[in-house]
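Visitor: Hey, got a few minutes to walk me through this one? I'd like to poke around it residue by residue.
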Amino acid sequence: MPTLVAALFAAPLWFMVVGSLRPAGLPPPRSLEVLPPEPTLDAYARLPELIPLFRYLANSALVVALAVPVTVLAASLTGFGIRLLGPVARRRVVLGLLVVLLVPVTAVWATRFELFRLLGVVDTYLPLLAPALLAVSPFLVLLYAWSFGGVPESQLEAARLEGARWLSVWRRVALPQVRPTTLAVAVLAFTYHWANFIDPLLYLHSGDRYTYALGLQFLRLLNPTDWPLLMAGCVVAALPCVLVFLLAQRILLNDDPLAALRSGGRR
């Protein structure tokens with residue numbers, strides 16, 4: 001059963017890979033095929049010819065490298081603060097976060113754009129990094145709050161009695177005990193910022209600052225009927241997320257997270 005579920009989720013990715021290996025100009029296959037009749041990497045070779053592929057990838061990597069640590073920091077600190085609240089206050093805060101979670105993002109687009117315009121940061125990466133300061137989503141904060149709820153109160157009180165400040169308690173006592181949550185939040189934040197399309201579309205005007213999500217849209221507009229080329233662009237977009245997920249899974253299944261990283265190149 002798990003294999004069947006995994007196959008269902010992997011099927012779209014395999015469809016993209018197979019479609020990207022078809023000769024130029026061919027439509028998508030009408031039936032399931034393991035490999036195209038004449039597989040070729042020509043679509044991948046043509047990607048840099050139509051869009052500045054490596055610049056867009058570097059821009060997206062820069063945004064992700066800055067935003068993911070900020071997201072983890074903001075979500076973990078906020079979640080730890082909720083953990084320290086009393087039961088009544090904690091329920092109220094959780095309820096408030098759930099209400100915020102129900103607000104559609106489209107409802108604040110105009111307000112956010114006007115705010116960033118007044119601050120003079122349009123056409124910079126600051127609007128793209130702003131969601132990271134708010135932990136991207138209340139869901140990530142709630143995830144941390146739930147995880148920190150499993151940290152025994154006695155450990156927190158013992159650290160306080162030894163003279164540790166709350167930040168030290170968060171960093172030395174609570175955070176090491178929720179490493180799987182930290183890894184999950186980092187993966188979710190990576191996926192969000194890597195695939196973010198609306199914010200770059202709204203705030204970036206200079207072509208040398210475009211992220212790969214925008215570049216993929218331009219590729220579709222330039223050549224909307226070349227399916228192998230579009231599928232190749234989609235594979236390039238999805239590959240970092242897949243690799244990050246596989247790495248996170250390997251770390252979670254390993255008793256020593258650092259050991260998985262050290263052995264990654266030897267296995």
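Guide: Sure. Let's start with L57: leaving aside neighbours within four places in sequence, L57 is in contact with W194, Y212 and V236. Keep in mind that this is a predicted model.

Visitor: Okay, and where does L57 lie?

Guide: L57 lies in helix 3. Its C-alpha atom is separated by 6.6 Å from that of T211, and those two residues are 154 residues apart along the chain.

Visitor: Which residues does helix 3 use to meet helix 10?

Guide: On the helix 3 side you have L57, S60, A61, V64, A67, V68, T71 and V72. They meet T182, V185, A186, A189, F190, H193 and W194 in helix 10. By class, the residues of that contact divide into eleven nonpolar, four polar and no charged.

Visitor: What's the geometry of helix 3 and helix 10 there, in terms of how their axes cross?

Guide: The axes come within 9 Å and cross at roughly 145 degrees. The crossing of helix 3 and helix 10 is right-handed.

Visitor: Let's switch to voids. How many cavities of 30 Å³ or more does the structure hold?

Guide: Just one cavity of 30 Å³ or more, and its volume is about 60 Å³.

Visitor: What lines that largest cavity?

Guide: The lining is S60, V63, L128, H193, W194, N196, P200 and T211. Helix 3 (53–84) and helix 10 (179–195) each supply at least two residues of that lining. S60, H193 and W194 should look familiar: they are also part of the helix 3 and helix 10 contact.

Visitor: And how do the residues of the cavity lining divide between nonpolar, polar and charged?

Guide: Four are nonpolar, four are polar and no charged ones turn up.

Visitor: What about pockets? How much space lies in the largest one?

Guide: About 680 Å³ lies in the largest pocket. It is lined by 23 residues, and the closest to its centre are V105, V108, R112, L134 and V136.

Visitor: Which helices supply at least two residues each to that pocket lining?

Guide: Helix 4 (87–102), helix 5, helix 6, helix 7 and helix 11 (198–203) each do. Helix 5 gives the largest share, with five residues.

Visitor: If I were setting up a probe of that pocket, what would the mix of residue classes be?

Guide: The lining of the largest pocket divides into 18 nonpolar, three polar and two charged residues.

Visitor: Changing topic: backbone angles. What's phi of D123?

Guide: Phi of D123 is near 70 degrees, a positive value in a residue other than glycine. For context, most residues other than glycine have a negative phi. D123 lies in the loop between helix 5 (109–119) and helix 6 (126–133).

Visitor: Is D123 buried or exposed?

Guide: Buried: D123 has 15% relative accessibility, and the cut-off for buried is under 20%.

Visitor: Where does A135 lie, then?

Guide: A135 lies in the loop between helix 6 and helix 7. Phi of A135 is near 65 degrees, again positive in a residue other than glycine. A135 is buried too, with a relative accessible area of 1%.

Visitor: And S147, what is it in contact with?

Guide: Leaving aside neighbours within four places in sequence, S147 is in contact with V178 and T181. S147 lies in helix 7 (residues 138–148).

Visitor: Why does S147 count as buried?

Guide: Because its relative accessible area is 11%, and buried means under 20%.

Visitor: One more residue: what's the place of A184?

Guide: A184 is in helix 10. At 30% relative accessibility, A184 counts as partly exposed. The C-alpha atoms of A184 and L140 are 9.1 Å apart in space, and the two residues are 44 apart in sequence.

Visitor: Okay, zoom out. How many helices and strands does the secondary structure come to?

Guide: It comes to 14 helices and zero strands. The C-alpha atoms fill a box of roughly 70 × 50 × 30 Å, taken along the principal axes.

Visitor: What percentage of the residues is buried?

Guide: Buried residues make up 37% of the 267 in the protein.

Visitor: And among contacts with a separation of 6 or more, what share comes from residues 24 or more positions apart?

Guide: Those account for 69% of such contacts. The L57 and T211 pair from earlier, 154 residues apart along the chain, gives you one spot to look at when you think about long separations.

Notes:
Residues numbered from 1 in each chain as written. Predicted model: local features only at pLDDT ≥ 70, side-chain atom pairs only at ≥ 80, totals over all residues. Heavy atoms only, no water. 1 Å grid on protein atoms, 1.4 Å probe; cavity = no way out; pocket = protein on both sides within 12 Å on 5 of 7 lines; lining within 4 Å. Points joined across faces, edges and corners; volume = space filled by probe spheres on them. Helix = DSSP H or I, 4+ residues; strand = E, 2+ residues; numbered from the N terminus. Nonpolar A, V, L, I, M, F, W, Y, C, P; charged D, E, K, R; others polar. Axes fitted to C-alpha atoms, helices over the stretch in contact; angles between N-to-C directions. Left-handed = near helix turned anticlockwise from the far one by under 90°. Contact = heavy atoms within 4.5 Å. Buried < 20%, exposed > 50% of the residue type's maximum accessible area, 1.4 Å probe, protein only.
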